[in-house]
Amino acid sequence: MTSRSMPGTDLAATIVKATAERAAEFERLTGTKPCLATVIVGDDPASVTYVKMKRNRCAKAGITSRHVPLPEETTTEQLVAAVRELSEDPSVHGILLQHPVPAHIDERAAFEAIAPGKDVDGVTMHSFAAMSFGEPGFASCTPGGIMRLLEDYGVEPSGKHAVVIGRSPILGKPAAMLLLAKDATVTVCHSRTRDLPSIVRTADIVVAAVGKPEFVKGDWIKPGAVVIDAGYNEGNVGDVAYAEALPHASLITPVPGGVGPTTIALLLEQTVTAAFAAS
Ligand SMILES: Nc1nc2c(c(=O)[nH]1)N[C@@H](CN(C=O)c1ccc(C(=O)N[C@@H](CCC(=O)O)C(=O)O)cc1)CN2
């Protein structure tokens, strides 16, 4: 069996290039650039870095970003009001609220203040329902990027057993729904799952979205399985012990350079789609 690394960098570059062309076309037609509002609460260093990366990529693709940094002590009510204001502002086409927000804030309430047409990060219940029913809508960016990666590498989820490890609202759950919409048989595992290694050993497709460095061990991987590492732990370490898993997998995403770049590419793509839909 041949094992192959499955980088997302080329796919991301292709998506960003096409997105930049569509952004230029939008500007030609309307006289304005597509605009993404980036909201961050507090100064968590990883979040600050991710938002900077998103804003830099926006600038390179001809998308304006309007940055809304809010202090750590922001209340749920204040955050909801700020997001609502952006939802009602016709010059803003997409809204990104960086996760996580500080623990005292009701993150769900804040996400739900994003108008469905501006939910380019795919975090609202509306977007989740669309993903679940296979209807058009904005995908959660990491799961949406994972589906594009599978397609790009010719992996057909239909009839396969996909095991998603993690059930977070912006990663594990939507990834499970998108795989289900493609007719995979999906098992969602989490912290209370018993004998996780045995379940993972039955997977044709593994999506690791646990948030624990190198949590998934090489001998959990069925020979020939496709392994998607959606982890973004400190120091650019994924959720899968890559070197151990590589010989068992047919395809495996690296960290960095796997799922991360496609996450940001999708955010840009969906922002331009939202801008056209609003015009
Ligand atoms: N509102 C959201 N919050 C968060 C999301 C999200 O999709 N929406 N995802 C994660 C983190 N994240 C984006 O926010 C993210 C993490 C990592 C990368 C990435 O490209 N990483 C690079 C390596 C980093 C580097 O080069 O310094 C890689 O994997 O190659 C993109 C996005 C949490 N919050």
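Which residues does serine 168 touch, not counting residues up to four places away in sequence? Keep that one in your head for a minute, and let me set the scene.

What we have here is a predicted model, where local features need pLDDT of at least 70, side-chain atom pairs count only at pLDDT 80 or more, and totals for chains, interfaces and linings use all residues. Residues are numbered from 1 along each chain as its sequence is written.

Okay, back to serine 168. Its contacts are Lys173 and Ala209, again leaving out residues up to four places away in sequence; contact means that the two C-beta atoms, placed from the backbone, lie within 7 Å. Serine 168 sits in the loop between E5 and H7. When I say H or E, I mean DSSP runs numbered from the N terminus: helices (H or I) have at least four residues, strands (E) at least two. UniProt, in an unreviewed entry, lists Gly166, Arg167 and Ser168 under "binding site". UniProt positions are in the numbering used here, feature names are shortened, and annotations may be inferred rather than shown by experiment.

The neighbour, arginine 167, is in the loop between strand E5 (161-165) and H7. Arginine 167 touches Gly172, Lys173, Val188 and His190, with residues up to four places away in sequence not counted. So is arginine 167 buried or exposed? In between, actually: arginine 167 counts as partly exposed because it has 18 C-beta neighbours inside 10 Å. Serine 168 is partly exposed too, with 18 C-beta neighbours inside 10 Å. The scale goes like this: buried is 20 or more other C-beta atoms within 10 Å of a residue's own, exposed is 12 or fewer, partly exposed is in between, and C-beta atoms are placed from the backbone.

Now follow the chain into H7. Here 8 of the 10 residues are buried, so the helix is largely enclosed by the rest of the structure. The buried ones are Gly172, Lys173, Pro174, Ala175, Ala176, Met177, Leu178 and Leu179. And what covers them? The cover over the buried residues of H7 includes helix H5 (125-133), H6, E5, E6 and strand E7 (205-208).

Just after H7 there's a backbone oddity: aspartate 183 takes a positive phi of about 70 degrees. Aspartate 183 is in the loop between helix H7 (172-181) and strand E6 (185-189), and it is partly exposed because it has 13 C-beta neighbours inside 10 Å. Asparagine 236 also has a positive phi, about 60 degrees, although it is not a glycine. You'll find asparagine 236 in the loop between strand E8 (226-229) and helix H9 (242-245), and it is exposed, with 12 other C-beta atoms within 10 Å.

On to the sheet. There are 6 strands in an open sheet, ordered E1-E9-E8-E7-E5-E6, and the pairing is parallel. Pairing here means that DSSP finds at least two bridges between two strands. At the edges are strand E1 (4-5) and E6, each pairing on one side only. E8 and E9 run parallel and are joined by 2 bridges; valine 227 has isoleucine 252 in E9 as its bridge partner.

Next, the ligand. Which residues come nearest to it? Of the 19 residues around the ligand, those are Tyr50, His99, Tyr232, Pro256 and Gly260; a residue counts as near if its C-beta atom, placed from the backbone, lies within 6 Å of the molecule. The elements giving two or more residues to this shell are E4, helix H6 (141-152) and H10. H10 gives the most, with 4 residues. The shell also draws at least three residues from each of domain 1 (31-116) and domain 2 (141-259), with domain bounds that come from an automatic or database domain assignment.

Two of those nearest residues come up again when you look at cis peptide bonds. One such bond joins histidine 99 and proline 100, with omega about 5 degrees, and proline 100 is in the loop between strand E4 (94-97) and helix H4 (107-112). Another runs from valine 255 to proline 256, with omega near 0 degrees. Proline 256 is in the loop between strand E9 (251-252) and helix H10 (259-278).

Last item, from the record: UniProt, in an unreviewed entry, lists residues 140-275 as "domain: Tetrahydrofolate dehydrogenase/cyclohydrolase NAD(P)-binding". In the model that span is 35% helix and 15% strand, and its end C-alpha atoms lie 17 Å apart.
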